[in-house]
Amino acid sequence: MTKLTNIAPLALFLIIAASFSTLQAREINYDYCTYEMVISTGASRGPSTKLKVILEAVGGDNINTTNVVKNWGAMGPKYTYFSPNSNDIFRTRLPCLKWSFCNVLIQGEKGELKPHWYINNITIATKGPGINDRFKTFRFLFENEFSSLYPPISDGECP
């Protein structure tokens, strides 16, 4: 009987600990969203290496990636990003931002871009618990030519 009474408190402790850790895991997952960005390019080949994208949200929060292809690329390792007339998909999972995006800033490596790269638009979708699929499209002038992304270019207006 003494062995059973010694095991009972331990069993109760393990059950409570398991319940608490499950509750914590749910809270952590609740705060994360999936961000998907589609960059629609024009008639010319774009950058071949790094492209920095900063997504600014209402209220001042932002998401900053120094290499969107390496960190967010969702088309596979052998896919060639920023080919002419393509829709390149980038995806990541990060903490949810409270507000919608209001500005996008793009910057390439100094001297890296080939002349006459075109970008039509960038669409960002946010999906997560408590968020009803937020979409925002930043439209650049039709077939807007970027011969340089250093200094950066941006589209949008944050209040």
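Which handedness does the link of Cys 33 and Cys 96 have? With 100 degrees about the S-S bond, that link is right-handed. Bear in mind that you're looking at a predicted model. Here's a quick tour of the disulfide first, then a pair of strands.

**The disulfide**
- The count here is 1 disulfide, and the cysteines in question are Cys 33 and Cys 96, with their sulfurs 1.9 Å apart.
- Cys 33 sits in strand S1 (residues 32-41), while Cys 96 belongs to the loop between strand S4 (87-95) and strand S5 (101-108), so the bond ties together parts that are 63 residues apart in sequence.
- The two ends have their own surroundings: Cys 33 has 0% relative accessibility, so it counts as buried.
- Cys 96, on the other hand, is partly exposed, at a relative accessible area of 25%.

**The S2-S3 hairpin**
- Strand S2 (residues 51-57) runs antiparallel to S3, and 4 bridges join the two.
- If you'd like one pairing to look for, find Ile 54, whose bridge partner in S3 is Asn 64.
- Together S2 and S3 make a hairpin, with 4 residues between the strands.
- Gly 59 is in that turn, and its phi is positive, at about 95 degrees.

**The two faces of S3**
- In a regular strand, side chains alternate between the two faces of the sheet.
- Strand S3 (residues 62-65) has Ile 63 and Thr 65 on its covered face.
- Asn 62 and Asn 64 are on the uncovered face of S3.
- Asn 64 therefore turns up twice in this tour: on that uncovered face, and as the bridge partner of Ile 54.

Key
Residues numbered from 1 in each chain as written. Predicted model: local features only at pLDDT ≥ 70, side-chain atom pairs only at ≥ 80, totals over all residues. Heavy atoms only, no water. Disulfide = S-S within 2.5 Å. Buried < 20%, exposed > 50% of the residue type's maximum accessible area, 1.4 Å probe, protein only. Pairing = 2+ DSSP bridges.
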